[in-house]
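Let's take a walk through this protein, one piece at a time. Keep the picture open while you read.

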Amino acid sequence: VEIECSGTVRSLLEQYGLPPLPPYIRRYQKPGSEDWERYQTVYANEEGSVAAPTAGLHFTQELLSALERIGVEILSLTLHVGPGTFRPIRSREVERHRMESEFIQVPTETALALNRARAEQRRVIAVGTTTTRALETACVDGTVQPFEGRTDRYIYPGYRFTVVDGLLTNFHLPRSSLLLLVSAFTGRERILLAYRHAIEAGYRFYSYGDAMLIV
């Protein structure tokens with residue numbers, strides 16, 4: 001198949017690319033215009049990720065407003081998800097795996113609000129593994145700092161978390177750095193029990209998969 005390859009990367013993606021759908025979403029037609037809208041978080045406002053941060057797909061504007069009404073403070077940051085996030089771990093020792101760097105931005109107001117919450121002994125709940133990696137990268141000597149740059153932070157069992165107290169995350173694939181991060185957060189045996197239940201109950205994985213809240 002020959003295609004004309006001229007223009008920017010974005011224009012080529014818009015012309016020829018399709019939103020990624022998990023294999024359990026079976027359709028006779030290709031992904032349509034509604035999929036472009038659905039494969040975004042409702043709070044997305046920056047371009048740069050190769051994929052949506054899937055934990056955030058569970059939120060609607062109505063749900064976010066309901067959380068704010070009961071006193072939940074909602075803060076934002078940016079992490080441009082790169083393809084390395086999804087590459088499987090092939091080394092026999094997890095320590096030998098290397099993460100590809102990704103761009104993150106933690107605004108000053110977000111850093112200040114997080115430090116205030118921690119000083120007041122309120123829990124910090126991260127929506128997704130990408131948010132977790134960004135926050136842990138921005139924490140220096142126990143304090144969250146404004147940050148703009150790249151991170152190759154690799155979190156696996158044995159890691160000591162400094163910012164995040166709770167985690168909302170999807171169910172991830174075997175041999176992934178995402179599964180290792182979740183295992184580091186809650187413990188390998190406990191996470192394996194949760195995944196065993198998910199498989200037995202028919203939970204969905206991948207982009208539009210089910211999620212769990214770890215507190």
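## The antiparallel sheet

Start with an open sheet of three strands, set in the order 1-2-6 with antiparallel pairing. Strand 1 and strand 6 (147-151) are the edges: each has a single partner strand, so one side of each has no neighbour in the sheet. One thing to keep in mind as you look around is that this is a predicted model.

Now zoom in on strand 2 (residues 102-106), which pairs with strand 6 in the antiparallel sense over five bridges. If you want a spot to click on, try Gln 105, which stands opposite Glu 148 in strand 6. Helix 5 (residues 129-138) packs on this sheet and touches strand 1, strand 2 and strand 6. The direction of helix 5 makes about 70° with that of strand 2.

## The mixed sheet

There is also an open sheet of three strands in the order 3-7-8, and here the pairing is mixed. Its edge strands are strand 3 (125-127) and strand 8 (211-214), each of which pairs on one side only. From one strand to the next, the twist averages 15°.

How many bridges join strand 7 to strand 8? Strand 7 (residues 166-170) is joined to strand 8 by four bridges, and the two run antiparallel. Leu 167 has Ile 214 in strand 8 as its bridge partner.

## A covered helix

Helix 6 (residues 177-186) lies across strand 7 and strand 8, and runs at about 150° to strand 7. Is helix 6 mostly covered or uncovered? It's mostly covered: ten of its ten residues are buried. Among them are Leu 178, Leu 179, Leu 180 and Leu 181, along with Val 182 and Phe 185. Ser 177, Ser 183 and Thr 186 are on the buried list too.

What do those buried residues of helix 6 pack against? Their neighbours are helix 5, strand 7, helix 7 (188-201) and strand 8. Right after helix 6 comes Gly 187, which has a positive phi, near 105°.

## A nonpolar patch on the surface

Let's finish on the outside. Ile 70, Val 72 and Ile 74 make a nonpolar surface patch of about 270 Å². Where is Ile 74? Look in the loop between helix 3 (61-69) and strand 1 (78-79).

Why is Ile 74 called partly exposed? Its relative accessible area is 37%, and partly exposed covers what falls between the buried limit of under 20% and the exposed limit of over 50%.

Technical notes:
Residues are numbered from 1 along each chain as its sequence is written. This is a predicted model: local features need pLDDT of at least 70, side-chain atom pairs count only at pLDDT 80 or more; totals for chains, interfaces and linings use all residues. Side-chain values use heavy atoms; hydrogens and water are left out. Patches are made of residues with over 30% relative accessible area and no salt bridge: like charges are joined within 9 Å, nonpolar side chains (Val, Leu, Ile, Met, Phe, Trp, Tyr) within 5 Å. Accessible areas come from the Shrake-Rupley method with a 1.4 Å probe; for residues, only the protein chains shown count as cover. A salt bridge is a side-chain nitrogen of Lys or Arg within 4 Å of a carboxyl oxygen of Asp or Glu. Buried means under 20% relative accessible area, exposed over 50%, partly exposed in between (1.4 Å probe, protein chains only). Two strands pair if DSSP finds at least two bridges between them. Axes are lines fitted to C-alpha atoms, for helices over the stretch in contact, and angles run from 0 to 180 degrees between N-to-C directions. Contact means heavy atoms within 4.5 Å.
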